[in-house]
Structures are given as C-alpha cells and as structure tokens.
Amino acid sequence: MKDREETRTKILRAVGDVLSSEGFQGIGINNIARRAGVDKVLIYRYFGDLPGLLREFASSGDYWPSMKTLIENAEKAPLPPDDADLAVALLKGYIHELRGSTSAQELLLGELVSRNELSEASARKRERQGADLIEALVSAAPEAEDKDVAAMGALLSAGLTFLLLRSRTSDAYLGIDISSGKGWERIEKAMEELVRGVLLTGR
C-alpha cells in the first residue's frame, strides 16, 4: 500500500513538473510517466486514464495558494493586523504565491487558450477558492458587505492575472516594470489603495 501511494504521489508530482517546465503542450501519458520514472501502465492502473489523472491533480490543489496558507501568512505580520490590513495582506499573499508558482501560471494560461479536463477542473477549484477569498475579505471588513465585492474582486483578479501572464513575455506594461520586484511593489501599493479606498470605505 505504501509503495502504491508513493507511486501515485510521484505521478501527480510529475504532472506539476511537466506543467511548470513545458506547459500544457507537454502533458501526455508518455511524458508524465517518463518524468515520474514509472511505467505508463501504472498511470492507467491508478488513475484510469489521462483525464482521470488530470482531474485528480487539479483537485489536489497543491499548485494553488490555499486560503489556510494565505490567512496564516497574513496573521504573521509584525503587528496584529486590523480588518483592513488583513484584507490587504490576503490579496498580497495571493499575488506572492502566484508569482512563485510556475505551474499555477501555466494553469491560468491554459484556462485562457484551451479547454480540457485539467483546465476545467482547475477553473472549478479556483472558483471555489476565489469564493473563499471573497468571504474572507468581507469577514475581515464587515463594512464592505454593501459593496459588490465579488465583481470588484473579479476586476482585481483579472487585472493581476493579465499582468502576471504578461510578465512572462514582456518586461513592462504602461511604463511599469512588471519583470521586477520593484514594479510589483508599485502594483501592490496601487491594489492596497484601491482596496482601502473602495472596498473598505467607511472604516
């Protein structure tokens, strides 16, 4: 049983490795088996087929920032955060996690350019986590309950996603160096001003 679980873990990890290094175009039974160092028969035995493997990889969520991780990191601030600070820290943590995860970026890109088991399962997972993030933001700032936080979150998320993916092929956007940490500090500052000025008015 232990060997079976270890092999399953190796195969799932190989999906993430292939996704990070080769993108969606590298996803295939032979390539994943080769990366995992296993016979491809084991993929069929443990996951049924490639769609089954991709669905399980997407449902694992290891490639995507979890709300638990975001909240834990936000609460590690030097000073106990107030409501607004916690909301901002959650969004900043989300950006940091995505910038550090090539596989998450590939999944975002894949959702935009193709439709398959992995992109659809990933999108569903992201929708659930997005809903959790919106709920956490409203909980952190009850005064935002009369705002359309979901729509505002969609605009912020779409903008950040675009800039993140754009940074893979371009160094700058509207004069902002999106290839550097300093450029992303500007983006984070602007995001904080938007959150405090719009979502958290009346604090």
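## Leu 19 and helix H1

Leu 19 sits in helix H1. In this predicted model, Leu 19 has a relative accessibility of 0% and therefore counts as buried, the cut-off being under 20%. Along the chain, Leu 19 and Glu 106 are 87 residues apart. Their C-alpha atoms are nonetheless separated by 6.5 Å.

Helix H1 covers residues 2-22. It also supplies residues to the largest nonpolar core and partners to salt bridges, among them Arg 8 and Glu 22. Both topics follow below.

## Helix H7

Glu 106 belongs to helix H7, where it is one of the buried residues. The others listed as buried in H7 are Ser 103, Ala 104, Gln 105, Leu 107, Leu 108, Gly 110 and Glu 111.

H7 runs over residues 102-113, twelve residues in total. At 1.5 Å a residue, the helix should span 16 Å. Its end C-alpha atoms are 17 Å apart, which agrees with that expectation.

## The largest nonpolar core

In soluble globular proteins, nonpolar side chains tend to be buried together. Here the largest nonpolar core holds 24 residues. Ile 11, Ile 32, Ile 43, Leu 53 and Leu 118 touch the most other members.

Which elements give two or more residues to this core? They are H1, H2, H3, H4 and helix H8, the last spanning 117-140. H1 gives the most, with six residues.

## Salt bridges

Side chains of opposite charge can pair when their charged atoms come close. The structure holds four salt bridges. Three of them are described here, beginning with Arg 8 and Glu 56.

The side chains of Arg 8 and Glu 56 meet at 2.1 Å, N to O. Arg 8 lies in helix H1 and Glu 56 in helix H4 (residues 50-60), so this pair links parts of the chain 48 residues apart. Arg 8 has a relative accessible area of 13% and is buried. Glu 56, at 27%, is partly exposed.Arg 35 pairs with Glu 22, with the closest N and O atoms 3.0 Å apart. This bridge also links distant parts of the chain, 13 residues apart: Arg 35 is in helix H2 (residues 29-36) and Glu 22 is in helix H1. Arg 35 is partly exposed, with a relative accessible area of 37%. Glu 22 counts as partly exposed too, at 30% relative accessibility.

Glu 192 and Lys 92 form another bridge, their closest N and O atoms being 3.2 Å apart. Glu 192 lies in helix H10 (residues 181-199) and Lys 92 in helix H6, so the pair ties together parts that are 100 residues apart in sequence. Glu 192 is partly exposed, with a relative accessible area of 21%. Lys 92, at 23% relative accessibility, counts as partly exposed.

## The loop before H4

Where does Asp 49 lie? Its place is in the loop between helix H3 (40-47) and H4. Asp 49 is partly exposed, with a relative accessible area of 32%.

Asp 49 and Ile 29 are 20 residues apart along the chain. Their C-alpha atoms are separated by 8.4 Å.

## Cavities

How many cavities of 30 Å³ or more does a search of the whole structure find? There are two. The largest cavity contains about 80 Å³ of space.

Its lining consists of Tyr 94, Ile 95, Leu 98, Ser 157, Leu 160, Thr 161, Leu 164 and Trp 184. Two elements give two or more residues to this lining: helix H6 (83-99) and helix H9 (149-166). H9 gives the most, with four residues. By class, the lining has six nonpolar residues, two polar and no charged.

## The second largest pocket

About 230 Å³ of space lies in the second largest pocket. Its lining comprises 14 residues. Nearest the centre are Gly 159, Leu 160, Leu 163, Ile 187 and Ala 190. Leu 160 lines the largest cavity as well.

H9 and H10 each supply at least two residues of the pocket lining. The largest share, six residues, comes from H9. What is the class make-up of this lining? It has 13 nonpolar residues, one polar and no charged.

Technical notes:
Residues are numbered from 1 along each chain as its sequence is written. This is a predicted model: local features need pLDDT of at least 70, side-chain atom pairs count only at pLDDT 80 or more; totals for chains, interfaces and linings use all residues. Side-chain values use heavy atoms; hydrogens and water are left out. The expected span of a helix is 1.5 Å times one less than its number of residues. Buried means under 20% relative accessible area, exposed over 50%, partly exposed in between (1.4 Å probe, protein chains only). On a 1 Å grid over the protein atoms alone, a cavity is a set of points where a 1.4 Å probe fits but cannot get out, and a pocket is an open set with protein on both sides within 12 Å along at least five of seven lines; lining residues have an atom within 4 Å of a point. Grid points are joined across faces, edges and corners, and a volume is the space filled by probe spheres set on the points. Ala, Val, Leu, Ile, Met, Phe, Trp, Tyr, Cys and Pro count as nonpolar, Asp, Glu, Lys and Arg as charged, and the others, Gly among them, as polar. A nonpolar core is a set of buried Ala, Val, Leu, Ile, Met, Phe, Trp, Tyr and Cys residues joined through side-chain atoms within 4.5 Å.
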